[in-house]
Amino acid sequence: MSKSLFSILSILFLLSIQHFQITFAQDSPQFSLPEGATARLGKGSVRQVLYSPDGKHLAVASTIGIWIYDVETYKEIALLAGHTKSITCIAFSPDGNKLASGSRDITIQLWDMATYKHKQTLTGHLHGINSLAFSPDGNILASGSTGERDGEQIFGAKIRLWDTPSGKHMHTLAAQGQVDSLAFSPDGKTIASGEGWPKYATRIYDVDTGIELNSIAEHSDWINSVTFGQEKNTLLSSSYDGSIRIWDYKSTKQTRVISDTQLT
């Protein structure tokens, strides 16, 4: 009987050691890394990774929450948790004091990066949030959503502009496809959106009025990124069609196309 009890205890001990090793392996940022990698960050399914503006922290958006890491030590500093569904996008304010997160739960959360505490919840979208962008002065937050498909059209996809100090809604901009990317011009007066099916369009809006100024629909697949260039009136858009297109966004004249074969 005593031998049987000893055998059972021995097995339980070995199992507990094995469990500890597995848990350590999952939690250790340096465990079993591929060649050239220095750390493993985040837990859950990771959707986006961003450096803070000062380069000292990394924000990792996942299905669990937003993990904040120290860049030098890879130590977890905080977990920002408050959404009820997976987080799809994040954005730092230009001064790094705020972090915005968008989720499939149709809300936007604002976080204080000095305390890692929740500041505000912004609501008004009808569908999941897919993209976020702060204006250059940090006073406006733009949010873009998915929509609901009905046949060959999408309904309910929107871009909303928010006053970040107060959290008040400023404008709602109508989109014709899922809004996968947003960017403010360097002077903060213009905002561009990159849309998915069915139009695959880049749209340019006036920030003060919310009026659409121009639209460009030359890509043949989802537009996954838009950004303004440093040269006057320059806008870049990239797509799953394998191209980057450079535009004069005021005239909508295309100035250059870079294909995926040129990038490799």
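This is a short conversation about reading a sheet, a core and a pocket in a predicted model.

Reader: Happy to start with the sheet. In what order do the strands of the open sheet of 4 strands run, and how do they pair?

Author: The order is S19-S20-S21-S22, and the pairing is antiparallel.

Reader: Which strands stand at the edges?

Author: Look for strands with a single partner. Here those are S19 (223-228) and S22 (253-259), so each has one side without a neighbour in the sheet. On average, neighbouring strands of this sheet are turned by 20 degrees against each other, direction ignored.

Reader: Let me zoom in on one pair. Over how many bridges do S20 and S21 pair?

Author: S20 (residues 234-239) and S21 (residues 243-248) are joined in the antiparallel sense over 5 bridges. To see one of them, find Ser 237, whose bridge partner in S21 is Arg 245.

Reader: And Ile 258, is that residue buried or exposed?

Author: The cut-off for buried is under 20% relative accessible area. Ile 258 has 15%, so it counts as buried. You will find Ile 258 in strand S22. Its C-alpha lies 5.0 Å from that of Ile 244, although the two are 14 residues apart in sequence.

Reader: Now the interior. Which residues have the most contacts inside the largest nonpolar core?

Author: That core has 17 residues, and the best-connected ones are Ile 159, Leu 161, Leu 182, Phe 184 and Ile 191. Strands S10 (140-145), S13 (158-163) and S15 (179-184) each supply at least two of its residues. The largest share, 3 residues, comes from S15.

Reader: What is Ile 191 in contact with, leaving aside its neighbours within four places in sequence?

Author: Its partners include Leu 161, Leu 182 and Phe 184, along with Ala 142, Tyr 205 and Phe 228. While you are looking, another core of 12 residues lies apart from the largest one, with Ala 59, Ala 78, Ile 87 and Phe 92 among its members.

Reader: Last, the pockets. How does one find empty space in a structure?

Author: A probe the size of a water molecule is rolled over the atoms, and this shows where empty space is left. In this model, the largest pocket has a volume of about 580 Å³.

Reader: Which residues lie nearest its centre?

Author: Of the 27 residues lining the largest pocket, those are Gln 48, Ile 90, Ala 91, Leu 132 and Leu 182. Strands S1 (46-51), S5 (87-92), S9 (129-134) and S15 each supply at least two residues of the lining. Leu 182 is worth a second look, since you met it in the largest nonpolar core.

Note on methods: Residues numbered from 1 in each chain as written. Predicted model: local features only at pLDDT ≥ 70, side-chain atom pairs only at ≥ 80, totals over all residues. Heavy atoms only, no water. Pairing = 2+ DSSP bridges. Axes fitted to C-alpha atoms, helices over the stretch in contact; angles between N-to-C directions. Core = buried A, V, L, I, M, F, W, Y, C linked by side-chain atoms within 4.5 Å. Buried < 20%, exposed > 50% of the residue type's maximum accessible area, 1.4 Å probe, protein only. Contact = heavy atoms within 4.5 Å. 1 Å grid on protein atoms, 1.4 Å probe; cavity = no way out; pocket = protein on both sides within 12 Å on 5 of 7 lines; lining within 4 Å. Points joined across faces, edges and corners; volume = space filled by probe spheres on them.
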